[in-house]
Amino acid sequence: MTTIEAQVNRYGYVTEAIAEDIDLVAEINRLKKEKNAVILAHYYVDGEIQDLADYIGDSLGLSQQAAATDADMIVFCGVHFMGETAKILSPNKKVVIPDLNAGCSLADSAPADKFAAFKAQYPDHIVISYINCSAEIKALTDIVCTSSNALQIVESLPKDQKIIFAPDANLGRYVAHKTGRDMVLWDGACIVHIDISREKLAQLRAENPDALLIAHPECKEDILKQADFVSSTTGLLKFVKESSHDKFIVATEAGILHKMKQSVPDKKLIPAPGSDNNTCACSECPYMKMNTLEKVYNALLYEQPEIFVPEDMRLKAYDSVARMLELSKGI
């Protein structure tokens, strides 16, 4: 085992010291060209990483990019399941992520053994799983979806088709309400979206009566009911750009505000408050924030931590993700 591998095994990322005088952005761009690498970043990672990424997007767009890229290496700045999805779609490419510890509370809420037992109770149901799940869950799934295409995918199935929707119950309830389908829901949730404080939000709305509340469908049902607009991260970004309103309360992970501010610099964007008292008075994903420029640099330089998915599992998971991509053409 090399020193770098030992660091990754012990800490989950490369801890090698970086010289203080290094221009990280310049070096990352140099290494990217040298290694024919592409950097994919989710809207929720820090703005400095978004600004140097080759593509920034939500889970659907990132999956489409991972499947289409001709790069030799994918550096995925997001969370673990996103790196896995890239490897599922591009098995011949090296996929690295800055920190293996960047997990996902929603993915963790669906252990594969318990979900397999749950699925066995409904043998005549098709499984639609939100992409925020592990490769093991994707392998147990018929069609993967994202918040961008969940409605379209559910509506593409015959009305008498019985459906299990996993792992996010809030998204599942929202989709069931919008489509009129009676789906069996796995009871999972994202800690960031369910942590938005009802009481603090009410106070914020009272202080800003002229602001529209826009929300991600992973939020709790009572938040969604009072929202003026509900959509995926990409949908929220598009709405803010196209709306004639100039003030918005944004109920999702606060990382999206970076791109929003770049797109609509003259509009007022207010993050919906989380229950915790933190420095930004907003909802932040601690896992997304594990991505740093230093870790991106080391991941590129040492090509670690690398994502692996067992081939038998990858093939099963590939079918469910590929079916999503086929049904999502045009989105």
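## Charged side chains: who pairs up and who doesn't

The side chains of Arg 198 and Glu 199 come together in a salt bridge, at 3.8 Å from N to O. Keep in mind that this is a predicted model. Across the structure there are 13 salt bridges; a handful of them are covered here, along with Asp 168, a buried acid that has no salt bridge. As a bit of background, side chains of opposite charge can pair when their charged atoms come close.

**Arg 198 and its two partners**

- Besides Glu 199, Arg 198 also meets Asp 222 in a salt bridge, this one at 2.4 Å from N to O.
- Asp 222 sits in helix H13 (residues 221–226) and Arg 198 in helix H12 (residues 198–207), so this pair ties together parts that are 24 residues apart in sequence.
- As for exposure, Arg 198 is partly exposed, with a relative accessible area of 44%.
- Glu 199 counts as exposed, at 56% relative accessibility.
- Asp 222 comes in at 26% relative accessibility, which makes it partly exposed.

**A pair within helix H17**

- Glu 311 and Arg 314 form a salt bridge through their side chains, at 2.9 Å from N to O.
- Both residues belong to helix H17 (residues 311–327), and they are three residues apart, or about one turn of the helix.
- The two partners fall into separate exposure classes: Glu 311 is partly exposed at 43% relative accessibility, while Arg 314 is buried at 9%.

**A linked trio**

- Salt bridges also link Glu 27, Arg 30 and Glu 34 into a network.

**Asp 168, buried without a salt bridge**

- You'll find Asp 168 in the loop between strand E7 (162–166) and helix H10 (169–179).
- Asp 168 is buried, and the nearest side chain of opposite charge, Arg 173, is 6.8 Å away.
- A salt bridge needs the side-chain nitrogen of Lys or Arg within 4 Å of a carboxyl oxygen of Asp or Glu, so Arg 173 at 6.8 Å doesn't make the cut for Asp 168.
- What the side chain of Asp 168 does reach is the backbone nitrogen of Leu 171, at 2.7 Å.
- Leaving aside residues up to four places away in sequence, Asp 168 touches Leu 106, Tyr 130, Trp 186, Gly 188, Ala 189, Cys 190 and Glu 218.

Methods: Residues numbered from 1 in each chain as written. Predicted model: local features only at pLDDT ≥ 70, side-chain atom pairs only at ≥ 80, totals over all residues. Heavy atoms only, no water. Buried < 20%, exposed > 50% of the residue type's maximum accessible area, 1.4 Å probe, protein only. Helix = DSSP H or I, 4+ residues; strand = E, 2+ residues; numbered from the N terminus. Lys, Arg positive; Asp, Glu negative; His and termini not counted. Polar contact = N/O pair within 3.5 Å; in protein donor to acceptor, adjacent residues only side chain to side chain. Contact = heavy atoms within 4.5 Å.
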